[in-house]
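This report examines a protein model, with attention to its charged pairs, one of its helices and two of its histidines.

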Amino acid sequence: MLNVSIIIPAWNEEERIADCLTNTIRQTVTPHEILVVDNRSTDNTCTIVEEFMAHHPEAPIRLLHQDEEQGLIPTRNYGLDAATGDVLGRIDADCMLKPDWVEVVSGIFTEDDEAMGATGPVLLFGSNMALRATAWKQIRGEVCRDKSDVMHEDVDVSLHLLGRGLKTVYSKRMVCGISARRMYTSPASFHAYMRRFRNTFETHPEHWRTHKSEHTLYIMYPWLHVLYPMYQKLLEVRDINPAERMWFNMQSELEEKDDLQDM
């Protein structure tokens with residue numbers, strides 16, 4: 001089985017980074033490494049990561065610092081360049097990986113020699129992406145720098161893989177949960193974020209799409225914009241940790257499936 005590196009770009013993620021790391025270490029297959037790449041955070045992100053590492057010395061977590069340039073893309077690239085795994089998984093700092101995520105990702109690329117990129121469903125939306133290390137080396141000098149910060153960088157990577165004729169796959173088992181925090185931003189901010197889809201494809205006119213996911217998100221936005229703060233308050237009152245709950249629920253599901261197979 002191929003090993004998997006997990007890369008997590010982070011900027012001021014003190015509220016979510018511990019939950020994200022909890023899910024990365026509670027995997028059915030241990031990641032080759034977990035790289036948190038801090039990008040000039042001004043909050044307690046780095047302190048929280050360091051404390052997490054101290055409490056979990058067995059976990060293959062490394063804290064890197066990308067201080068030369070502010071921005072997601074240079075921070076992501078720094079992490080992808082530093083990774084040493086066969087497969088590079090790129091997630092957001094508010095992602096909650098399903099317990100078998102690493103196992104599934106490894107299996108995708110181990111079983112299909114032609115697969116160079118992979119993605120799967122997300123609960124809401126966000127980065128849930130993996131690519132073969134050799135594929136990253138091929139497109140490393142081509143991916144858009146997006147200095148104006150108006151594109152979706154994960155979509156851009158996918159389009160560069162396609163532009164090279166490299167195979168990308170979709171797996172229903174490669175599940176990643178993500179917070180709904182984008183839905184709680186102002187209408188103007190939300191619109192600007194949705195506009196990134198169009199901006200990215202306009203940068204790649206040789207590619208087109210038949211389904212525009214932002215249309216669905218526009219429909220969801222008014223409801224989730226109202227419900228999200230209520231949901232956060234409920235979690236606080238009931239002392240519920242979404243990452244812990246998601247991991248235990250899904251781990252129970254996996255154990256039940258194993259029990260059925262053994263019968």
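A salt bridge is taken here as a side-chain nitrogen of Lys or Arg within 4 Å of a carboxyl oxygen of Asp or Glu. Lysine 147 and glutamate 69 satisfy this rule, with their closest N and O atoms 3.3 Å apart. The pair joins distant parts of the chain, as the two residues are 78 residues apart. Lysine 147 is located in the loop between helix H5 (133-139) and helix H6 (153-163), and glutamate 69 in the loop between strand S3 (61-65) and helix H3 (72-82). The structure discussed throughout is a predicted model.

**Overall architecture**

The protein has 263 residues, of which 48% count as buried. Its secondary structure consists of nine helices and ten strands. Of the contacts between residues at least 6 apart in sequence, 79% join residues at least 24 apart. The accessible surface amounts to about 13,700 Å², and carbon and sulfur atoms account for 54% of that area.

**Salt bridges**

Side chains of opposite charge can pair when their charged atoms come close. In this model the count of salt bridges comes to 13. Three of them are listed below.

| Salt bridge | N to O distance |
|---|---|
| Lysine 147 – glutamate 69 | 3.3 Å |
| Glutamate 15 – arginine 16 | 3.7 Å |
| Aspartate 92 – arginine 90 | 2.8 Å |

The surroundings of these pairs can be described through accessibility. Because its relative accessible area is 66%, and exposed means over 50%, lysine 147 is classed as exposed. Its partner glutamate 69, at 27% relative accessibility, counts as partly exposed. Glutamate 15 counts as exposed, with 62% relative accessibility. By contrast, aspartate 92 and arginine 90 are both buried. These two residues also belong to a network of salt bridges that links Arg76, Arg90, Asp92 and Glu153.

**Helix H7**

Helix H7 covers residues 187-203 and has 17 residues. Its first and last C-alpha atoms are 24 Å apart, close to the 24 Å expected at 1.5 Å a residue. The helix bends by about 25° at arginine 196, and arginine 196 is itself one of the buried residues of H7. The others are Phe190, Tyr193, Met194, Phe197, Asn199, Thr200 and Phe201. An α-helix has 3.6 residues a turn, so residues three or four places apart point the same way.

**Two histidines**

Is histidine 207 buried or exposed? Histidine 207 counts as buried because its relative accessibility is 18%, and buried means under 20%. This residue is found in the loop between H7 and helix H8 (213-238). The side chain of histidine 207 reaches the backbone oxygen of leucine 159 at 3.3 Å. Neighbours within four places in sequence aside, histidine 207 is in contact with Leu159, Leu162, Gly163 and Phe201. Phe201 is also among the buried residues of H7.

Histidine 65 lies in strand S3. With 37% relative accessibility, histidine 65 counts as partly exposed. Its C-alpha atom is separated by 5.5 Å from that of valine 37, although the two residues are 28 residues apart along the chain. Which residues is histidine 65 in contact with, leaving aside its neighbours within four places in sequence? They are Asp38, Cys46 and Tyr78.

Methods
Residues are numbered from 1 along each chain as its sequence is written. This is a predicted model: local features need pLDDT of at least 70, side-chain atom pairs count only at pLDDT 80 or more; totals for chains, interfaces and linings use all residues. Side-chain values use heavy atoms; hydrogens and water are left out. Helices (H or I, at least four residues) and strands (E, at least two) are DSSP runs, numbered from the N terminus. Buried means under 20% relative accessible area, exposed over 50%, partly exposed in between (1.4 Å probe, protein chains only). Contact means heavy atoms within 4.5 Å. Accessible areas come from the Shrake-Rupley method with a 1.4 Å probe; for residues, only the protein chains shown count as cover. The expected span of a helix is 1.5 Å times one less than its number of residues. The bend at a residue is the angle between axes fitted to the seven residues ending there and the seven starting there. A polar contact is a pair of N or O atoms within 3.5 Å; within protein, one must be able to donate a hydrogen and the other to accept it, and residues adjacent in sequence count only if both atoms are side-chain atoms.
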